[in-house]
Amino acid sequence: MELSPEQYIASAKKRVPRENRTTAILYVDEMLHMPQASLLAAVLPHMLRTCLAWKAAAKQSVITPLAELQALLEELTENSSWSGRLMFTNAGLWADVPFGNRRSTLLGRRPQREAKAKHGWA
């Protein structure tokens with residue numbers, strides 16, 4: 001049975017323990033079953049920096065590496081034609097930030113400027 005994007009995301013999030021504070025899900029609307037090389041090239045360096053920052057932050061009681069996640073969003077928004085959502089745990093809750101040129105109402109997406117303001121990003 002093939003899941004809709006909403007069902008797929010809900011299923012993935014449901015598998016993350018409630019108290020988890022170090023999980024991110026990058027959902028790209030245009031991604032095929034296997035990631036395209038251009039998508040991997042765009043996101044992999046940012047995701048690795050995010051993982052390292054999360055590991056270092058745990059030692060300093062910092063909750064979420066927002067600067068690294070914002071850099072990932074900027075890469076996806078400014079330098080590519082990808083669209084989708086970046087979801088991450090932040091203080092035990094899920095943050096959900098849309099990216100890309102397409103403005104969608106899928107699962108309550110907000111325009112990019114509102115999403116940045118909502119999360120305190122300039």
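Let me start with Tyr8, which in this predicted model is partly exposed, with a relative accessible area of 48%. Tyr27, by contrast, counts as buried, its relative accessibility being 17%, and the cut-off that matters for that label is 20%.

These two residues belong together, because a search of the whole structure finds 1 aromatic pair, and that pair is formed by the rings of Tyr8 and Tyr27, whose centres are 6.3 Å apart and whose planes stand at 50 degrees, so the pair is classed as tilted. Since Tyr8 lies in helix H1, residues 5-14, and Tyr27 in strand E1, residues 24-28, the pair ties together parts that are 19 residues apart in sequence.

Both tyrosines come up again at the largest pocket, which has a volume of about 430 Å³ and is lined by 17 residues, with Tyr8, Leu26, Tyr27, Val28 and Met31 lying nearest its centre. The elements that contribute two or more residues to this lining are H1, E1 and helix H2, which spans 37-60. By character, the lining divides into 14 nonpolar residues, 2 polar and 1 charged.

Turning to the interior, the largest nonpolar core has 16 residues, and the members that touch the most others are Val43, Leu76 and Phe88. At least two core residues come from each of H2, helix H3 (66-78), strand E2 (84-90) and strand E3 (93-99), and H2 gives the most, with 5 residues.

I will finish with Leu76, which, once neighbours within four places in sequence are left aside, is in contact with Leu26, Leu39, Val43, Trp82 and Phe99. Of these, Leu26 has already appeared among the residues nearest the centre of the largest pocket.

Note on methods: Residues numbered from 1 in each chain as written. Predicted model: local features only at pLDDT ≥ 70, side-chain atom pairs only at ≥ 80, totals over all residues. Heavy atoms only, no water. Phe/Tyr/Trp six-rings, centres within 6.5 Å; stacked < 30°, edge-to-face > 60°. Helix = DSSP H or I, 4+ residues; strand = E, 2+ residues; numbered from the N terminus. Buried < 20%, exposed > 50% of the residue type's maximum accessible area, 1.4 Å probe, protein only. 1 Å grid on protein atoms, 1.4 Å probe; cavity = no way out; pocket = protein on both sides within 12 Å on 5 of 7 lines; lining within 4 Å. Points joined across faces, edges and corners; volume = space filled by probe spheres on them. Nonpolar A, V, L, I, M, F, W, Y, C, P; charged D, E, K, R; others polar. Core = buried A, V, L, I, M, F, W, Y, C linked by side-chain atoms within 4.5 Å. Contact = heavy atoms within 4.5 Å.
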